[in-house]
Structure formats: C-alpha cells, structure tokens
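Biologist: Hi! Could you bring the model up so that we can go through it together?

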Amino acid sequence: MPRGPHHRDAWVSPGSLGLGVWIITIVAAASTLLLALQPADRNPGLQMWTRARTHFNLYTPFTAEWNAHVPPTEHVTLHLLSDVALEQRMLAGFLTNTYTADLIELERRSVGRLFTGPADEIGFLDLTDRLHETGIFDRINQPSFSPWTSRGRIYGLPHDVHPVLLAYRADLVADAGINMNEIETWNDFERVLRPLIADLDGDGRPDRYLLNIWHTNMDMTECLILQAGGTFFDVQGRPTIATTINANVIARIVSWVCGPMRIAIDAPEFSAAGNQLRLEGAVIASLAPDWLCGVWKTDMPGLAGKVRLIPLPAWTPGGRRTSVWGGSMLGIARRSSDPEAAWRFAQQLYLDANLAEKLYREAGIITPATDLWNQPVYDEPDPYFGGQPVGRAYINAAPGVPLRTSSPYNMLAKARVQDAVYDLRSYAIAHDEFDPAVLAAEAQHLLEYAESAVQRQIQRNVFLREDAK
Amino acid sequence: MARLRLVITYVALAACSIIILIPFAYLVCASLKTSAAFFSSPFLPPGDGWFGIAWDQLTLSHFTRLHSELHFERQLLNSLFFSATLSVLATLACAMGGYALAKFHFRGRVTLTALVLGMLVVPGTLLLAPTYRLLYQLGLLDTYAGVLLPLAAPAFGVFLFRQAASSTIPDALLEAARLDGAGEIRTFFAIVVPLLRPMIGAFMLISFLSMWNNFIWPQVVLQSGAKYPLSVAIAQLKNVYSQDYGLLMAATLVSILPVLLLFLTLQRDFIAGLTSGAVKG
Amino acid sequence: MNAVPPRSRWAPYAFCAPFFAIFLLFGVYPIIQSAVLATQQTYGPKASRFVGLANFKDLLADPLFWRALWNTTVFAAGSIFIQLPCSLGLALLLNQPKLRGRAFFRLIFFAPSLVGLVFVAVIFSLIFEKRTGLLNVLLHGAFGCDPEFPWLESYVMPALIIAALWMYAGFNMVYFLAALQAVERDLVEAAVVDGANAWQRFVHVTLPAIRPVGAFVVLLSLVGSFQLFELPYLLLNATGGPDNQGLTLVMYLYQMGFETGDLGYASTIGWVIAVLLGTFAAVQWRLSRD
C-alpha cells in the first residue's frame, strides 16, 4: 500500500470487510451443525459430583464395582468439579429447578448458603429419620453431624472427622539437635524451634520459617480459634465473635506473621508455589488435618520419610491438642430421579469397612464411623511419616475434636474475622507493636466490629425470621 | 536533532513493546515446561541444548492432555458457536432494525428510537438479576438460547446501524428500487446490505470478540459443563488444577489464540469496529 | 423523506420486529423487573418477599457496599490518571512523523485488549504470585526487590491497575492516535512559525484538538471501571480478597445475587451503578456541548 509522508493509515479498507463476515458466518453454521450432532451428554443412571481429587480417585474403582452389581438405572457416574463450580451449580440448580447431580459431596464452606433461605427451599433430602431408623446416627462420631444440621434436621451423611495434628520436618529438626517432646504449648513451639529460622539463599532475608500460617488464611484462623475453645456462634445461632478467647488467638497469629518475632511463612496448600517452598525446606511445621497427609503424599513424594506428626501445641498447659479443619458430607438431591438408590449408594460409600480402609490408605482420612476405628490398618507404620502409625494418632485425637456451628452465616463470620486479623496486622505494623498481650485489646475492638457486621446480615434475613416463628 | 528524536522514539517504542509482549512470552513458555522444570527459570529452562535451553525439559503433553483428559475441544466448539452465532444474529437484528428506524416513517418510530437511546446508558449489570429471573420463568436457564437471546439485541448496535443507514443510504436509491418493482426484502439485501458493509463487518467482529471474552453471563446462565464456553471453563480449571500450571497455561493459550489469529487477519476491520463508537462520540 | 412510499405499510414493522421483540423482552422488561426486584428480598428466583425500601436502607448502612464503591472509584481513578496518560504517550510516540513500522507497533500495543479479562486474570494470577511469580522474580533479579512482595495480599488495587494497564493502554491509544492524526498539520506548522516550543505546541494546539476524543475515552474508562468484575473475581479466587481490598461493585452484586441468592439486593446495587454511570454520561454530554 503506498504511503506518502503525509498519508495516514486508512482504518477501513472496504475490500477486506467481506472476509470477516464470511469467516464468522461459516463458523456459525459449522459450529451449530457440529453441536447439533453431539450426542446427548447425560449418562443414564445416577450422577455424583465431588470436589476433591483424592475422593474422586478413591471412589472411581468403588463405583465401577457398584455399577457391576446394580441395574443400569442405578449406575453411578462420578464428576470432579471445582469448589466454586460445585457450589454455584448446586445452588443454582436447587434454586431454579434446573439440573443438579443426584448425589453431591459438599465441603463445609459451601453448605451455609443452602441454609440461608426458607427450610422448604433446601434442595437436599432431609436424612434425619433415615439416619435414626438405620442406626447410622449412633455409629458416627457425634461432632461430625453438627455442620450439616439446620433447624434441627440433618441434610447430609458425614464423610469424616478431620482432626488436626502438627506436621514437622523431622530431618531439619534432628539436624539442629532439637527434641520435639519439649513442645507442649504454642509458647514452647516458638521458643524451642526458633533457632531453625534461617536465610537459605544468602540474600540477607530469612526464608525458612517455623509455621505455615498467614494473616490471609481464614481456614487456619478458624482452626486455631476452635482449638482454643473459641466459637463464632452459640447453639441458638447468635454470633459470639467478639470474645476474649478469639481476640487472644488472632493477636497471637498477628504476632507470628509480622514484626521482629515473626515465625510464619505463607506456603498455601494445593498450590505449586506452596509445595515448592515445602520441598525447599522453607517450612518447618504445618497444621495438618488428616486429609492433608493424603494430599502431600500425592503432590510431594519428595518429602517422604522427612516428616513426622505430633499433637498440636496447646494454647494453655493441659489444653486441647487438636482441632478440626474442613469436612464433607454426602447429600441426596430432593429432585433426584431415584433417591432410594442414591441413599443405598451413599451408605455403601461412606460406611463400607473396605472403603474406609482405602480412604485411609489412599487419602489419609479416618472414617467418622467409630465402630471401624479398631481396624488394624490404622496401626500400620507409615513410611512417609518415618514409620509413625499415623492413623492411630488421628483416631486418638478424634474424640477431642471441637464442635462446629451450622450457622448459614459461618462463612460470613470467617471472612469478617479474617478482615479483623488483616486489620490487626496493619495496626501492629503502623504502631510498631507486636506483643500479643498488647494487641489483644485492639483485636477485641476489631472483632466487635466484625460481630456487628454479621449481626446486621442476620437481622436482614426475612426467611430465617419467618422460620423462627 | 530530529534524527535523535526519532532514535529515542524507537527505543521507547521497543521498550514498551517488550513490556507488553512479556506476558505473552511467559504464557507460551509456561505452557511448554514440564512441571518439574516449571520453577527453574522465569521463561525457558536453561540447559546445554541449542541457544542454552534445556529442550528436553519442554513438552507438548499439556496440550495433548487438554484433549485426552479434559475434552477441551468441546469448550472450544462452544465458544466458537456462541461467538459466531451471536455475531450473526445480533448483526442481522440490528442492521434490519437500524435501517427501519433510519429510513421509514411509521407509527411508533419516535418511541422506539427514544427507548433505544435510553437503553444506551443502562449498564448490563443492572439487567443481570432480573434477566436471570426471567430466564428461569421462561425455562431457558442452562440452555444455549438462554445465553444468546438476551444478548442478541444490543441497543448500541441498532444505534450504530441507524447512524450508518442515515448517512450512507441515499433515499433516491431506495425510491428507484421501489419504482423498479423490487420487494422490500430484496431491496434490503441487494441495496442496503452492500452499502452497510463496512458497519456490518466491524459490528460482527466486535460482537464476536465480546461474546468470546464474556464471562459473567454464561457463568450465571449455564450449569452443565458440556455447554461451557472457554471463559467459564478456564475459570474452573484455575481452581481444580491450581498445581498444574502448565496445563492451565496451555488451556489459556488455546483460548486466546483463535481471537488473536482472527485479529491478525482482519486487523484493520477490528480496530475500525472497536473505535466506531468514538467517531460520533 | 420518502417520495415513493414502501410497497407495504408493514415493511418497517417487519424489519423492526426481530430486534424489538428481543429488545422489549430482554432489555426493557428486565429494567421494569429490576425496579420491582429492588423492593424484594429473594432466595433465588423462586422465593421472594416484599420488603419495600429496606434494601436501599440496608445498602446505605452496609460497610461492604461503601468499601466496594471506594475500591471501584480507586480503580477508575487509576484507569483515568495512570492508564490514559500512558495511552496518550504511546499515541504521541506513534504519531511522530517519518516513523517506520507504525502499523507493527500499533498491532503489538493493541493485542492485549483482545485477550478477555478472564484469560488475563489467569495469566496474571501466576505473574503476581508471591515468591514464584514472574513479576517478583524479575524485580528481585533485576533490582534486588523483596521476592515476597505481597501483590495480591496487601497491594490488590495496584495489582489490578497494573493488569488493566497492560490490557487497555494500547486500546485507548488507538482512539488518541486517530484523534492526533486528525489534528490539522497547518495548525501545528503555524505554531512552529510563531516560535512555540514542543511543549507549548502540545498544550495549546494538540491538547485542545483532541479534547472531545479525550472526554469520550474518559467516559469509556469510567463505564468499564465501574463494571469491573472478572479480573478481581479470578485473581482473588471468587472472594473480595484480603480485607476486601479487591471487592468491586459488580463483584458485590454478583456475590449477593448469585452466591447468596438475594436478587433483590443485587438489583439495588445494579441501580446504584446505573445511576452513577448515568450521571457520568450526563456530565460528559454537558461538557462536550460547551
């Protein structure tokens, strides 16, 4: 194209305009045709959504076995979805009468939104009577029901207990000549391990720290608050956020993540970046629920033999040495085509002794069915953890797991508490004040603000008010 | 002096180009690295091979896994379908509507034009919640039509075509056609469409692009994974495959490549289309 | 206008029908519905209760709403005061006379705006990662900056503005470039004769000439900024981010409407966005008329 010094680029060249029109029109026609030719994608039988890769891998052979023994209408097809997708699709499906799977395995954080509306809009089958009739209710560790209970009714079969222990790098600790038996409380933890903080790459900044926790991680905050005996809601569902216990815990967390006494590092689980840090030895200890053991074995084979577990350090001498983190349930959609078959499958899947064994072997998760706890598998030495009988360690912790709320506003409370942690850290840095005893006063103040925010949302909800009448 | 200025200009332009191209380069490199080599360097892993690169640590497996594990081609097909079909439907509806508003006298013309002008300032986000409820009432949630129909009649589209028709279609031509006995539909396709061709091309391209990149609407309307376009599918991959950076980046590359290629072939029309709103601004 | 009338008096209606059938159903009717919804509290599209003006009252007392409004405003300010000057700068560079390869550079600068926000967010979520992210790796390697610089933790808004800058600087440049190329060369040459230096020429000749396009681009940026959703939604994993630093108005609308199920509250937020954007458009129209 000729272009003189003053000639400007022509923005529109009419000749070529037809090309785009034709390309798009042909693509439209061709893609419509191709989609019309696609076979219907819904498999016959029952569909199940799960959110965890480990569960998916574990259930796949079990489902194949099940499918071999039942008529095709009861065949189960598994689908792995992300947390966000599962929650969004489940809620939209329930609220709009559109498609959902028949069986949905659901994480605790997603359950609250099911319970914010009127009780007759809860899309899951009320399992309360079935649980009592079959005797399953009495077989399962009682705290495991609490997150799935709304207005006195149980909507899911509990999958787990998820006690929390402390995983630590035994190799690094041994090299430093440290004895972990000296640790009983978080104070001991800080004092005994502090010499391990180190600058690994020689750039003048420490990059190895003692504990994987961060002021942006609300799961960890909740875990530690529950361990300390704190709560977000009382049994009537009223917020109990601004308590001294909670204030002390978040003040302590803030003192860990910043300031001269920092011991914390941010190494997110389930992320390549976090795993890289763990493999490099930048993390000494981690809060380790039972499910994390399975995840680590799959994602970080390089840590095999280098890690061990001890009970969580307590907040006070003699205090609780475990907590609880995460949890799933299996629910049956009310509009399922065959709820009875789904219920049969659900019982098999969650209460089968063989699968419970596999669940432990492959995912590290201990069953909530207390009558299965005496199985020998839980006493086997685990080479990944240097020969420790890991299952027994978690089962010993299981009865001490704290109770949890089923408030539909728990996620909101967690988020507002996390805002308080974040703001407290900013406050600490701005005032150059990192003593947890001093920070606790400001923490109390921030938690009161968080509590009022949660209270305001609860009071807005007309549906819960109606049901309470 | 002028020469020095030119040199400085080139240096500045080159620097800006490099900054802008870095994320693209990163994307390409990341989609080729094996998981083991991912953190060894920001771009390609260094080694003893040609150009100092460890070629043996590169792999195409992420791309093959897109097909074998995730059946990503279905999402690609969905995206092509949504974007191309919407582009054709919206262009047809807007061209006909805009032509009628510009070139006919009829009862209700003033009201309709006022409605269109009024809707120009309404942000799409206001319509999100009520349209969702409407689709529920119509039973169109989780359907292809539920995604396409609400987007098929954009006010700015009919506005652009009304402007284009009034300025480029002489009345005399229409009258001549009518005197010759041509039917209205024939007049439209034989006379009006060719004259509106620049606007048609530009509008089709921007409709295509905006649907391709649309996330919130298909995310709200669709539920079945088999109907997801790339934008929604990618967002969910990001959660499930948070450790599988290579796969995630390969999926992203596959998702943006078609529009980049379309843009390379039709660059001028694209820019004309995207800036067409500003001319009258 | 038409000396010869159309052959059928129904012709215009037939031409209008496809567009306006959809437009009235999916454009005008939802607007009326959104006014109705704003007076309701809902749990999904099925269950709803009339609450009058409670949604507006609650919204005004809702600190998260104010947080979202503030965040959105900061982002909009970043777009206008950081991104647009960059765009203008790029356009001025490309508008140099005797420049070769203009089309090539324009192509490169423009390319990021073709990439959808979702895809940009996925790419940048890796770039902004704390220790392994590209940005920190490069800054650490080149300038010895903190390799743990917490972009998506304490600097969420700057991170969003950087990502948007990468994406849209070249897009807005195209408008400025078109405007610059329309500036009368004679005018500039006359200014040269008058002895005006480069800066004076820019301020007194070029800037006034591109003002209308500038005003349009500002409006466009405002409209885009107030609808920001995908970028923070994906970069922050569907949350508002630490301390809600990345919570935008549309994100809050989405959370309330489609995660909590309260379409009424979502509509109320939608009305706030609509009123704000209407005001911006009115101001721009007023200014461009003078």
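Biologist: Which strands does helix 2 of chain A lie across?
Modeller: Helix 2 (residues 53-69) of chain A lies across strand 1 (46-50), strand 2 and strand 3 of chain A. Against strand 2 of chain A, helix 2 runs at about 170°. Helices (H or I, at least four residues) and strands (E, at least two) are DSSP runs, numbered from the N terminus. Axes are lines fitted to C-alpha atoms, for helices over the stretch in contact, and angles run from 0 to 180 degrees between N-to-C directions.

Biologist: Anything I should know about the model before we go on?
Modeller: This is a predicted model, where local features need pLDDT of at least 70 and side-chain atom pairs count only at pLDDT 80 or more, while totals for chains, interfaces and linings use all residues. Residues are numbered from 1 along each chain as its sequence is written, and chains are lettered from A and ligands numbered from 1 in the order in which they are written.

Biologist: OK, back to strand 2. What is the strand order in the sheet with strand 2 of chain A?
Modeller: The order is 2-1-3-12-6, an open sheet of five strands with mixed pairing. Two strands pair if DSSP finds at least two bridges between them. Strand 2 (76-80) and strand 6 (157-158) of chain A are the edge strands, each pairing on one side only.

Biologist: And how many bridges join strand 3 of chain A to strand 12 of chain A?
Modeller: Five bridges, between strand 3 (residues 103-107) and strand 12 (residues 328-332) of chain A, and the two run antiparallel. A:Glu107, for example, stands opposite A:Ser328 in strand 12 of chain A.

Biologist: Which strands of chain A form the open sheet with strand 10?
Modeller: That open sheet also has five strands and mixed pairing, in the order 9-8-10-7-11 in chain A. Strand 9 (264-265) and strand 11 (307-311) of chain A stand at its edges with a single partner strand each, so one side of each has no neighbour in the sheet. Further in, strand 8 (residues 209-212) and strand 10 (residues 283-289) of chain A run parallel and are joined by three bridges. A:Tyr209 has A:Val283 in strand 10 as its bridge partner.

Biologist: What is the phi of A:His162?
Modeller: Near 55°, so to speak on the positive side, in a residue other than glycine. Most residues other than glycine have a negative phi. A:His162 lies in the loop between strand 6 and strand 7 (164-169) of chain A.

Biologist: Is A:His162 buried or exposed?
Modeller: A:His162 counts as buried because it has 26 C-beta neighbours inside 10 Å. A residue is buried if 20 or more other C-beta atoms lie within 10 Å of its own, exposed if 12 or fewer, and partly exposed in between, with C-beta atoms placed from the backbone. Across chain A, 50% of the 469 residues count as buried.

Biologist: Let's switch to chain B. Where does B:Asp142 lie?
Modeller: B:Asp142 is in the loop between helix 5 (124-138) and helix 6 (144-148) of chain B. B:Asp142 has a positive phi of about 60°, although it is not a glycine. With 19 C-beta neighbours inside 10 Å, B:Asp142 is partly exposed.

Biologist: At what angle do helix 1 and helix 13 of chain B cross?
Modeller: Roughly 130°, and the axes of helix 1 (residues 2-32) and helix 13 (residues 245-265) of chain B come within 7 Å. Helix 1 and helix 13 of chain B are therefore oblique to each other; angles under 35 degrees count as roughly parallel, over 145 as roughly antiparallel, 65 to 115 as roughly perpendicular and the rest as oblique.

Biologist: Which residues in helix 1 of chain B meet helix 13?
Modeller: B:Leu27, B:Val28, B:Ala30 and B:Ser31 do, and the residues that they meet in helix 13 of chain B include B:Tyr245 and B:Met249. The residues of this contact divide into seven nonpolar, three polar and no charged. Ala, Val, Leu, Ile, Met, Phe, Trp, Tyr, Cys and Pro count as nonpolar, Asp, Glu, Lys and Arg as charged, and the others, Gly among them, as polar.

Biologist: Now the interfaces. How many residues of chain C are in contact with chain B?
Modeller: 81 residues of chain C, in contact with 75 residues of chain B. Two residues are in contact if their C-beta atoms, placed from the backbone, lie within 7 Å. Helix 1 (residues 11-37) of chain C gives the largest share of the chain C side, 19 residues.

Biologist: And how many residues does the contact take from chain B and chain A?
Modeller: The contact takes 33 residues from chain B and 36 residues from chain A. The side of chain B that touches chain A has 20 nonpolar, nine polar and four charged residues.
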